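Please open the model in a viewer and keep the sequence panel beside it. The stops below are meant to be taken in order, one selection after another.

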Amino acid sequence: MKLIMTAYNRKIFYVLINLILTNFIAFHINANVVVSIKPIGFIASAITDNIIPVDTIVPDGASEHDYILRPSDEKKIKNTDLLIWSGSTIESFMYKSVQQIPSNKVLVITEIPEVRKSLIKIEENNHTNNEKNTFEQDLQSPLNSKKYNMHFWTSPNIAKIIAIEIYKKLSNIMPQYKNKFNENLKQFEKSLNDIDKQIMTELKPLKNKQYFVFHDAYVYFEKHYGLSSLGCFTINPEIQPGIKHLYKIRKQIREKKVICVFSEPQFRPAIIDNVTKGIKINKGILDPLGSNIKLSKDSYLKFLLQLSSQYQTCLQEKHRNKN
């Protein structure tokens with residue numbers, strides 16, 4: 001009888017272990033990270049590589065400035081194991097849906113103290129103040145997107161901070177993968193340092209070149225690499241720039257021998273075409289979202305390299321085109 005009971009107990013034990021392992025594996029097959037925009041996904045993918053997938057809310061060709069959530073997006077947010085977003089000041093379209101999931105499954109990038117301290121202020125004259133921000137306000141209080149530039153993902157230094165926070169968050173959610181997350185983080189930091197040095201060398205000759213960008217999405221990248229645009233066509237792509245502002249840009253283009261004006265793939269360049277009509281000038285495209293780059297462990301590095309290449313192509317061009 002004792003032998004029969006022992007065999008029976010052993011059988012029950014193996015059945016229970018099998019059920020636990022099955023559920024564990026099923027959980028991690030379905031586990032995922034959801035990010036609001038692709039550049040954040042680039043950073044997250046470096047940490048989650050070969051462990052769990054990353055999904056993006058705002059699709060290629062769209063902009064976070066005017067995006068509206070679809071039912072499939074809301075389902076992604078509801079079912080995710082970790083949601084990473086910039087916060088309601090820049091991604092207000094997600095606010096209601098984010099409130100429906102537990103806070104321990106959410107990482108708000110603008111609530112990371114080191115990110116907040118690195119944000120750049122916007123001056124009243126629509127130029128960016130490149131002096132480092134000194135935050136005296138409560139780190140948990142809402143940010144004013146009209147006061148601070150929120151395109152922080154183009155900064156390699158801020159990307160490192162975000163990567164570390166993603167690592168910490170995922171390690172708490174999935175502690176069994178902590179070592180692997182850490183390996184991915186260390187590899188990301190090393191690769192990013194190497195690419196950073198490369199880009200610094202490539203862009204050094206372009207520091208005094210004159211140019212305009214479509215909107216102020218590149219100030220962190222420009223500050224880091226010593227570039228400085230004369231200004232932007234618009235602060236908010238959703239709002240049509242005024243005639244006075246456009247006239248001022250046209251005047252500067254003529255008087256200051258501007259080499260290049262940059263548009264973006266997410267918006268029509270009609271305004272730029274009108275302002276530069278009859279002027280010999282190079283035209284380039286800067287993509288602040290890396291729309292053509294697929295999520296992978298190296299995607300953030302490719303994103304920075306692509307921005308660098310886009311600057312170089314337009315600012316090094318010797319032959320200008322007349323519209």
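The tour goes from the sheet to the helices packed around it and ends at a cavity.

This is a predicted model, in which local features need pLDDT of at least 70 and side-chain atom pairs count only at pLDDT 80 or more, while totals for chains, interfaces and linings use all residues. Residues are numbered from 1 along each chain as its sequence is written, and side-chain values use heavy atoms, with hydrogens and water left out.

**The sheet**

Select the strands to begin with: 4 of them form an open sheet with parallel pairing, in the order β2-β1-β3-β4. Because β2 (54-56) and β4 (106-108) stand at the edges with a single partner strand each, one side of each is left without a neighbour in the sheet. From one strand to the next, the twist averages 20°. Strands are DSSP runs of E with at least two residues, helices are runs of H or I with at least four, and both are numbered from the N terminus; two strands pair if DSSP finds at least two bridges between them.

Next, select residues 33-35 and 82-85, which are β1 and β3, paired in the parallel sense over 3 bridges. V33 has L82 in β3 as its bridge partner.

**From the sheet to α6 and α7**

Add residues 156-173, helix α6, which packs on the sheet and touches β1, β3 and β4, its direction making about 165° with that of β3. Contact here means heavy atoms within 4.5 Å; axes are lines fitted to C-alpha atoms, for helices over the stretch in contact, and angles run from 0 to 180 degrees between N-to-C directions.

Then show α7 (residues 178-203), which packs with α6 at an angle of about 175°, the axes being 10 Å apart. The two helices are therefore roughly antiparallel, given that angles under 35 degrees count as roughly parallel, over 145 as roughly antiparallel, 65 to 115 as roughly perpendicular and the rest as oblique. On the α6 side, the residues to display include A163, I164 and Y167, and those they meet in α7 include F181, L185 and F188.

**Two further partners of α7**

Which residues make up helix α11, and at what angle does α7 pack with it? Helix α11 covers residues 299-315, and the angle is about 5° with the axes 10 Å apart, which makes α7 roughly parallel to α11. Among the residues making this contact are L192, I195 and I199 of α7 and L301, L304 and L305 of α11.

Now select α2 (residues 38-48), which packs with α7 at about 125°, with axes 7 Å apart; α2 and α7 are therefore oblique to each other. I43, A46, I47 and T48 of α2 meet F181, N184, L185 and F188 of α7.

**The largest cavity**

Finally, the structure holds 2 cavities of 30 Å³ or more, and the largest has a volume of about 50 Å³. A cavity is a set of points, on a 1 Å grid over the protein atoms alone, where a 1.4 Å probe fits but cannot get out, and lining residues have an atom within 4 Å of a point; grid points are joined across faces, edges and corners, and the volume is the space filled by probe spheres set on the points. To see the lining, select I37, K38, V58, P59, D60, G61, A62, Q266, L289 and S291.

Methods
1 Å grid on protein atoms, 1.4 Å probe; cavity = no way out; pocket = protein on both sides within 12 Å on 5 of 7 lines; lining within 4 Å.
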